[in-house]
Amino acid sequence: MEENSPLFCPYCGGARLLEGEISEVPLGQQSWIIYQWNCEDCGEYFNKVVIVMAEGETRSLQDLWE
Ligand SMILES: [Zn+2]
């Protein structure tokens, strides 16, 4: 299951979506991954931001709290 992909355009409900650029912004222990889509039906662009923990950083995060 592709959790990060929208099924429908939030503006018009169309399902013909083109995936655009994916930007990754590292912010300390986490990264913001910004997905961009373009709807072929109405031409709108929209984004989704997914915040993920950097790989292997779980231990470091715990260390911060000691
Ligand atoms: Zn649309």
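This report describes the fold, the strand pairing and the confidence of one protein model.

**Basis.** The model is predicted; local features need pLDDT of at least 70, side-chain atom pairs count only at pLDDT 80 or more, and totals for chains, interfaces and linings use all residues. Residues are numbered from 1 along each chain as its sequence is written.

**Overall make-up.** The protein has one helix and three strands. Helices (H or I, at least four residues) and strands (E, at least two) are DSSP runs, numbered from the N terminus. Starting at the N terminus, the order of elements is β-β-β-α. Burial is scarce: 3% of the 66 residues count as buried. A residue is buried if 20 or more other C-beta atoms lie within 10 Å of its own, exposed if 12 or fewer, and partly exposed in between, with C-beta atoms placed from the backbone. Among contacts with a separation of 6 or more, 40% link residues 24 or more positions apart. Two residues are in contact if their C-beta atoms, placed from the backbone, lie within 7 Å.

**The sheet.** The three strands form an open sheet in the order 1-2-3, with antiparallel pairing. Strand 1 (17-27) and strand 3 (45-53) are the edge strands, and each pairs on one side only. On average, neighbouring strands of this sheet are turned by 20° against each other, direction ignored. Axes here are lines fitted to C-alpha atoms, for helices over the stretch in contact, and angles run from 0 to 180 degrees between N-to-C directions. Two strands pair if DSSP finds at least two bridges between them. Strand 1 and strand 2 (residues 30-39) are joined by nine bridges. Strand 2 and strand 3 also pair over nine bridges.

Some residues that stand opposite each other in strands 1 and 2 are these:

| Residue | Opposite residue in strand 2 |
|---|---|
| Leu 17 | Cys 39 |
| Pro 26 | Ser 31 |
| Leu 27 | Gln 30 |

**The turns.** The hairpin of strand 1 and strand 2 has two residues between the strands, and Gly 28 takes a positive phi near 65° there. Five residues lie between strand 2 and strand 3 in their hairpin. In that turn, Gly 43 has a positive phi of about 85°.

**Met 53.** Met 53 belongs to strand 3. Its bridge partner is Gln 30. Gln 30 also stands opposite Leu 27. The C-alpha atoms of Met 53 and Ser 31 are separated by 6.2 Å, although these residues are 22 residues apart along the chain. Is Met 53 buried or exposed? Met 53 counts as exposed because it has 12 C-beta neighbours inside 10 Å.

**Cover and confidence.** Strand 1 is hardly covered: zero of its eleven residues are buried. Strand 1 nevertheless has the highest mean pLDDT among the elements, at 92. pLDDT is the predictor's confidence in each residue, from 0 to 100. Helix 1 (residues 58-64) has the lowest mean, 42. Over residues 58-66, pLDDT stays under 50. For this stretch the model has three contacts beyond four places in sequence. The protein as a whole averages a pLDDT of 80, and 74% of the residues score at least 70.
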